[in-house]
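Open the model in a viewer and keep the selection panel at hand. The stops below give a selection and then what is found there.

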Amino acid sequence: MIAVIADDLTGAAELAGIGLNHGLRTEVSTTVDEYCDADLLVIATDTRSLSVARAKEIVHDLTVRLQQLKPRFIFKKIDSVLRGHIIEELQSQLTASGLKRALIVPGNPHHSKKLIGDTFYYNGGPIHLSAFANDPTFPALSSNIVELLRADEKVSLIKKGVKLPPTGIIIGAADDEDDLKYWISKTDSETLLAGSANLFTCLLQYLTKPQKVETKDSETAGRRLFVFGSTFYQGKLNLIDGKHNNIPVHYIPAATICAETSGDNVHGLFASHVASSIIAGNNAIIAINPDFIRDIKVDPVLLSHKMADIVKQVIDHTSLHELLIEGGATAWAILERLNIEKLYPSKLIAPGVIHMRIAGNNQLCLTLKPGSYPWPAPVWETNNYTCI
C-alpha cells in the first residue's frame, strides 16, 4: 500500500485520480480504516482551514494510525502554491513517524508553478504578482520560497547535486519534471516526501510498474448541481442570459454571505429556488458573486458551511444524482454535512477533476476539482452520463 495525507479534499481526490490512472485500487477516506486493502489510500483532511495546533494534532494522529497499516510509502500532499500550515504539519508528521528529515519539492511544473532558485513563479511571473496574492486565508505576499512557506525556523534550500542534510526540513527547487524525478531518486526510507500532484505522478512512476488501465466511460445523466466554492475563477464566468455554458447560475444571496451564522433563514428560500431550477432543467450552478465580497471581510470557513447547508437543503428538495464541487474547503464542508466519509474514484476526467462513487450510496456521486483548475469541456455536456 501507498498512503497519502492531503491537507484538503480536492487535493486528495486529485491524487486518487492519478492512482486510478496508474491501475491502482484506490480509496479516498477521511479516516484510517484498519481493514483497508487498497493499493493507494488517500486520507483527506481539512487542515488548511484549521488552526495550526489542530492541524498538527490531526496530522500526528493520522500518521500514527497509517503506520499501523505498514504502508510502503507515506506521501504528504501539499498545495501547489504553498497555502496551508505546511512546515508545522511536516514537523508534526516527522515527530509521529520518527523520521529525521522532510523534503519539500514545491510547485507543479505541469501547471506552470515552478521554484527557480529561491523564487516561486506562477504562469511565468513571481507568484506575489498573481491572483494568489488575494487569497483570503493564505495570500502570497512574497515570491521568496522561505517567506511563502511562512517558515519561522531555518529550512534548507538546496540545489541538485548537493547531498541532502541528514536532518531538518529541506526544499528542492523544481523547474520541470526532470527536476521532480531527480529529487525522488534522492528520497530514501528516512525521508518524508512532500509535494504536489505533479510530484506524486512521478513518484508512482518510480514506485510502480505500468499497468493497463481499463475505465468505463462515465455515463452521467440525471440531475446535477455545480457548487463553485472558490472565488479564483468566479469573475471569469461567461454569463449569457444568467447562464454559464447554458446552465443557470444562482448566486448566493448577499444576506447569506454577510450573516454571522450558518443558519440564516434565507438559505431555505434560496435552496428551494435552486431545486426548482434543477427540476425544470436538470442542471444548476451555485456560485459566489465577486461583487458581493469585494469590499467586505468574509470568513471563508463559515461561508463554506453556509454553502454546505444550502446544498443539503437542495438535496432534500430534489432527487440529485451528481454534485460537482469546486474548492477543497467547500467540498469538505459538504461531505461533512452529508455524513460522507469514504469515496471510490471511478474516472479521471481531466487532471485534478475526479469522478467518484460514494460508499453506501448508489444514487449520488461526486466530481471534485481544486479551485484553481479549470472545468474541462466534458462536464458541460449535459446529456451523456449516469452515475454508476
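Select Lys77 and Gly195: Lys77 stands opposite Gly195 in β11. Strands such as this one (E, at least two residues), like helices (H or I, at least four residues), are DSSP runs numbered from the N terminus. The model is predicted, so local features need pLDDT of at least 70 and side-chain atom pairs count only at pLDDT 80 or more, while totals for chains, interfaces and linings use all residues. Residues are numbered from 1 along each chain as its sequence is written, and side-chain values use heavy atoms, with hydrogens and water left out.

**Strand β11 and its partners**

Extend the selection to strand β4, residues 73-77, which runs parallel to β11 and is joined to it by 3 bridges. Two strands pair if DSSP finds at least two bridges between them. Then add β5, residues 101-105; β5 and β11 also run parallel, joined by 5 bridges. Within that pairing, Ile104 has Ala194 of β11 as its bridge partner.

Now colour β11, residues 191-195, by accessibility: 5 of its 5 residues are buried. Buried means under 20% relative accessible area, exposed means over 50%, and partly exposed lies in between (1.4 Å probe, protein chains only). Thr191, Leu193 and Gly195 occupy one side of β11, Leu192 and Ala194 the other, and all are buried. In a regular strand the side chains alternate between the two faces of the sheet.

**Strand β13**

Select residues 224-228, strand β13, where 5 of 5 residues are buried. Which residues of β13 point one way, and which the other way? Arg224, Phe226 and Phe228 form one set, and Leu225 and Val227 the other.

Next show two strands that pair with β13. Strand β17, residues 283-287, pairs with β13 in the parallel sense over 4 bridges, and Arg224 stands opposite Asn283 there. Strand β18, residues 322-326, pairs with β13 in the parallel sense over 5 bridges; here Leu225 stands opposite Leu323.

**The sheet β6-β7-β8**

Select residues 113-126 to bring up an open sheet of 3 strands in the order β6-β7-β8, with antiparallel pairing. Strands β6 (113-116) and β8 (125-126) stand at the edges with a single partner strand each, so one side of each has no neighbour in the sheet. Strand β7, residues 119-122, is joined to β8 by 2 bridges. Label Tyr121 and Pro126 to see a bridge pair between them.

**Two positive phi values**

Just before this sheet, select Ser112, in the loop between β5 and β6. Its phi is near 60 degrees, a positive value in a residue other than glycine. Most residues other than glycine have a negative phi. Ser112 is partly exposed, at 30% relative accessibility.

Move to Asp241, in the loop between β14 (239-240) and β15 (243-244). Asp241 is not a glycine, yet its phi is positive at about 55 degrees. Is Asp241 buried or exposed? At 76% relative accessibility, Asp241 counts as exposed.

**Helices α1 and α6**

Select α1 (residues 9-21) and α6 (residues 197-207), whose axes come within 10 Å and cross at roughly 25 degrees. Axes are lines fitted to C-alpha atoms, for helices over the stretch in contact, and angles run from 0 to 180 degrees between N-to-C directions. The crossing angle makes α1 roughly parallel to α6. Angles under 35 degrees count as roughly parallel, over 145 as roughly antiparallel, 65 to 115 as roughly perpendicular and the rest as oblique.

To view the contact (heavy atoms within 4.5 Å), show Glu14, Leu15, Ile18 and Gly19 of α1 with Ala197, Phe200, Thr201 and Leu204 of α6.

Then select Gly23, in the loop between α1 and β2 (26-29). Gly23 is partly exposed, with a relative accessible area of 24%. A distance label from its C-alpha atom to that of Lys209 reads 9.5 Å, although the two are 186 residues apart along the chain.

**Helices α10 and α11**

Last, select α10 (residues 300-317) and α11 (residues 328-337), which pack at an angle of about 50 degrees with axes 8 Å apart. That makes α10 oblique to α11. Residues in the contact include Ser304, His305 and Met307 of α10, and Ala329, Thr330 and Ala333 of α11.
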